[in-house]
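Me: I would like to go through this protein with you, one short question at a time. Please reason briefly before each answer.

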Amino acid sequence: MAHDQEACRHLLPRAIFGINGKVENGVRQHPATGSIIFPLGNKIGIADYVKNTQEFIAGHTNTISCLDLSKSGKYMASGQINHMGFRGYVIVWDYEQRKEIARHDLHKVSVQAICFTSGDRCVVSIGGVDDGSVIVFDMESFSPICQTPASRAISGNALTVRPLHNNPYFFITAGDRHLRLWSILREQKKLYVQDVQMASKSRVFYCARINKSDEFAFLGTGTGDIVKIALNCCDRDFVSKPGSASGILGAFGTHNPRKPTGRDCNRYVNGVRALYVLEGGRLLIGAGNGDIELVEERTDVPLINFREYPGPTWPYLRTLKKTHVSGRISSFVRSKTDLFYICTDTNEIYGLNIKTWVLKLLRTCHTKSVYCITFPKNYSAVFATSGKESIRIWSSGRKQELLRIMVYNFNCAAVRFTHDGTSIVSVWNDGIIRAFTPITGRLIYAIPNAHNKGCSALAVASTGRLIVTGGIEGQVRVWKIDPYRQDLLGVLKDHSGPITSLDINYLDTEVISACTDGSCVIWDIKRMTRKQVVTSNTQFMSASYFPTGVQVITCGSDGRIIYWNVYNGALIRELTASKKSSVNCVAINETGDYFISVGSDLQVKLWDYNSGAVVGLGSEHASSVISCAYSPCMTMFVTGSTDGSLIIWDVPRDFWGRPNPPDAPKYTQPRSSSSKTKMSEVPARVNSGTNLKPAKGENIDGLLKATAKDDLCCVECPPCAKKEAKPDPFAECGIVPDVRKC
């Protein structure tokens with residue numbers, strides 16, 4: 001056992017694509033190092049974009065819901081969301097040592113928001129819907145000092161918390177009809193609170209910012225306007241200055257000079273989700289629909305003149321510049337004086353120069369689970385992934401996204417390249433098979449109603465003329481692909497559950513289907529018959545052929561990896577990959593010397609196929625890993641998880657693999673066959689898939705040349721609804737007026 005642990009190496013990631021953009025104000029930048037700090041699953045990621053390196057800090061038991069960095073950059077604080085009935089942890093970290101300093105579990109279920117007060121004196125956290133309390137954690141004694149309900153009984157829940165810049169014992173909380181100013185009495189371990197006077201206005205506050213002098217606070221609302229508050233603080237016992245109170249100055253929208261007076265006020269669609277107060281009274285505003293605006297307060301009209309305005313929102317803001325991104329704005333991070341990082345809930349980070357107003361997409365990843373990863377045949381420069389509403393093609397060398405094909409409201413279950421690289425074949429949960437060009441992303445063909453409950457698995461033969469699909473209803477269907485026609489060759493019925501994986505051997509004669517019903521079936525796709533069935537007390541998640549096609553390797557929900565003999569379906573070997581969770585996917589390199597396995601235990605393992613020993617281990621993922629693919633060059637592999645993150649791993653030099661046996665003869669399939677099969681019954685217009693001429697000569701190896709560096713091409717797939725046929729006026733008489741219609 002000790003020898004096995006010494007032989008197991010730590011796998012190093014080459015590149016990591018991932019961020020949880022749904023966390024409000026979850027992206028931070030370190031003031032000294034310039035590294036970006038962000039949540040990803042149950043880990044905190046620290047990314048250095050200059051060196052292109054990333055590392056993760058683990059300690060939470062569930063998804064991180066809030067994150068903050070102290071002004072000095074010495075400490076980090078994070079909170080998590082937990083299952084009902086369990087406590088939500090708040091953890092304080094030391095940034096330099098990347099270690100946990102202290103934690104408490106006084107919140108119930110979840111932590112809604114967290115922040116450091118000025119001077120790194122305290123950590124203030126507010127609980128979620130099931131908790132509703134404010135807890136102050138003292139950074140000198142590293143212990144909580146006070147806890148109190150955040151809102152009154154007639155108010156809603158608190159959604160955000162923001163400290164003052166110059167006083168370490170004051171902060172504000174805002175939320176659903178909730179806006180309060182707080183004072184911390186550290187010696188007495190008390191909290192004094194004062195409700196901000198809102199006059200007759202009632203709002204849901206999503207975000208809050210305070211100017212540098214602590215005079216005014218700006219809050220973004222769900223109704224799409226910005227509320228300005230005069231704080232009038234600070235007094236320790238009375239919170240605000242004696243004889244005064246914090247109150248609203250007005251709810252402001254943007255002025256539209258093209259509309260008449262009384263109707264010239266515009267509000268932001270889907271609410272104001274992010275704010276940043278700039279110098280000179282300017283505001284950077286991010287809306288829920290992706291609009292980003294740079295605004296300033298109007299000086300041509302006094303504020304008092306708007307008291308007679310007919311609407312509750314006054315057009316007191318003038319729009320200076322405007323742009324748009326995809327997704328809801330969740331975070332603004334000021335990297336430099338003129339450079340801002342903008343994070344959206346679609347897990348994308350943009351760079352915006354407010355001086356030149358140039359917007360640039362910097363980092364992307366999937367919004368949800370990565371269901372499938374695949375490489376082209378004998379080409380490791382790019383790889384494709386499938387997920388929610390999209391197929392994405394990435395460059396492994398540039399470490400960036402090259403092409404995105406969008407099909408809204410549906411998920412891509414699997415994606416494959418044809419062996420000649422002229423098309424990308426994909427299956428979707430709406431039951432449609434779609435094929436796209438590899439450079440422009442244009443739709444080549446679509447097969448509707450391929451599976452009545454949705455497609456779940458895909459395999460493409462080496463000729464390109466044959467594809468095999470699996471459905472959620474448990475059927476395996478074989479399709480023949482011609483240049484202008486797609487035909488169904490056969491339907492294979494034996495499974496009683498969803499098909500999870502399909503793989504074709506290198507001779508294109510057999511396909512193995514893995515199913516959640518506990519069986520894997522080896523099919524003869526020439527005769528359309530079943531050859532072998534292997535069963536086990538598990539839900540099979542993946543099955544893959546050995547490169548020579550004599551064995552198959554499977555994995556399942558019981559955490560075991562099993563070798564099977566293709567000839568008679570006999571069990572050869574069992575390996576225990578995990579004792580507490582399932583193994584979700586396996587992938588073998590082209591020589592068959594090594595394979596990788598990924599599972600719900602967040603670990604990535606590299607195995608020696610012959611000895612069955614783990615030779616490499618990686619644990620950088622922050623959630624369950626469900627997909628993986630080995631590169632054709634065998635020097636790297638890619639894994640994807642349920643949080644949408646992708647990791648490119650380097651394979652150690654000793655485990656690249658050698659051809660076995662060397663200089664093996666290549667098999668060529670005979671052109672003519674005496675046995676009559678269903679394949680030969682369908683007339684073919686071409687001899688092989690390699691003779692198919694793609695439109696304008698598109699091939700996957702030309703994608704890198706066609707895509708500029710730091711650029712992304714996003715293509716929307718047209719709907720595949722069948723058009724209604726127009727009535728034929730000659731249908732009754734049976735006359736065909738034009739010969740070309742025959």
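Me: How far apart are the end C-alpha atoms of residues 576-617?
Reply: This is a predicted model, where local features need pLDDT of at least 70, side-chain atom pairs count only at pLDDT 80 or more, and totals for chains, interfaces and linings use all residues. Residues are numbered from 1 along each chain as its sequence is written, and side-chain values use heavy atoms, without hydrogens and water. The span is 0% helix and 52% strand (DSSP runs: helices are H or I, at least four residues; strands are E, at least two; both numbered from the N terminus). Its end C-alpha atoms are separated by 15 Å.

Me: What is the strand content of residues 618-651?
Reply: The end C-alpha atoms lie 11 Å apart here. Helix makes up 0%. Strand makes up 53%.

Me: Which strand does a hairpin join to S42?
Reply: S42 covers residues 475-481, and 7 bridges link it to an antiparallel partner at residues 486-493 (strands pair if DSSP finds at least two bridges between them). Gln475 stands opposite Lys493 in that partner. The hairpin runs through 4 residues and leads to S43.

Me: Which strands stand at the edges of the open sheet S11-S12-S13-S14?
Reply: The sheet has 4 strands with antiparallel pairing. An edge strand has a single partner, so one side is left without a neighbour in the sheet. That describes S11 (111-116) and S14 (143-149).

Me: Which residue is the bridge partner of Phe116 in S12?
Reply: S11 and S12 (residues 122-127) pair in the antiparallel sense over 5 bridges. In S12, Phe116 has as its partner Val123.
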